[in-house]
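Please read these notes with the sequence and the model open beside you.

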Amino acid sequence: MITVEFYGVLREVAETDRLQCDFSGGAVEEALSLLCRQIPALAAHLPRLACAVDDEIVSRDAQLGAGATLALLPPVSGG
């Protein structure tokens, strides 16, 4: 089980700011695929997402262990 946190526009897409996901371990990319099956609208945002595991920005091939927190971060703009 991991916790997934959604930020920015992704909160609207997921209709929540956090959820528990039954993910037994593997790469961030695998967790994203699982999430897209649960929340199909998320797929449109994947190319621009940054991912953090336990408060550290990681690549999509980083491994997620049980109990980890995966934060999905959309691009930020402004001035």
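The numbered points below go from the whole chain to a few residues.

1. Status of the model. The structure is a predicted model, and the points that follow should be read with that in mind.

2. Secondary structure. Two helices and seven strands make up the set of elements in the chain. Their order along the sequence is β-α-β-β-α-β-β-β-β.

3. Overall dimensions. A box of roughly 40 × 25 × 20 Å, taken along the principal axes, holds the C-alpha atoms of the chain. The radius of gyration is 12 Å, which agrees with the value near 12 Å for a compact globule because the chain has 79 residues.

4. Burial and contacts. Buried residues make up 43% of the 79 in the chain. Among contacts with a separation of 6 or more, 52% join residues 24 or more positions apart.

5. Surface and charge. About 4,600 Å² of the chain is exposed, and 50% of that comes from carbon and sulfur atoms. The side chains include 5 positive and 11 negative ones, with 6 Å between the centres of the two sets.

6. Strands E1 and E2. Strand E1, residues 2–6, runs antiparallel to E2, and four bridges join the two. In this pairing Glu-5 is opposite Arg-18 of E2. Strand E2 spans residues 18–21; Leu-19 and Cys-21 form its covered face, while Arg-18 and Gln-20 form the uncovered one. Arg-18 therefore belongs to the uncovered face of E2 and is also the residue that Glu-5 faces.7. Leu-10. Leu-10 sits in helix H1, residues 9–14. Is Leu-10 buried or exposed? Its relative accessibility is 0%, so Leu-10 counts as buried. Leaving out residues up to four places away in sequence, Leu-10 touches Leu-42, His-45, Leu-49, Leu-72, Leu-73 and Pro-74.

8. His-45. The loop between helix H2 (28–38) and strand E4 (50–53) contains His-45. His-45 has a relative accessibility of 19% and counts as buried, because the cut-off for buried is under 20%. Beyond its neighbours within four places in sequence, His-45 is in contact with Val-9, Leu-10 and Val-13.

9. The Leu-10 and His-45 pair. How far apart are Leu-10 and His-45 in sequence and in space? They are separated by 35 residues in sequence and by 8.1 Å from C-alpha to C-alpha. The pair links helix H1, where Leu-10 is placed, with the loop between H2 and E4, where His-45 is placed.

Note on methods
Residues are numbered from 1 along each chain as its sequence is written. This is a predicted model: local features need pLDDT of at least 70, side-chain atom pairs count only at pLDDT 80 or more; totals for chains, interfaces and linings use all residues. Side-chain values use heavy atoms; hydrogens and water are left out. The radius of gyration is taken over C-alpha atoms; the globule rule is 2.2 Å times the number of residues to the power 0.38. Buried means under 20% relative accessible area, exposed over 50%, partly exposed in between (1.4 Å probe, protein chains only). Contact means heavy atoms within 4.5 Å. Accessible areas come from the Shrake-Rupley method with a 1.4 Å probe; for residues, only the protein chains shown count as cover. Lys and Arg count as positive and Asp and Glu as negative; His and the chain ends are not counted. The place of a charge is taken as NZ of Lys, CZ of Arg, CG of Asp or CD of Glu. Two strands pair if DSSP finds at least two bridges between them.
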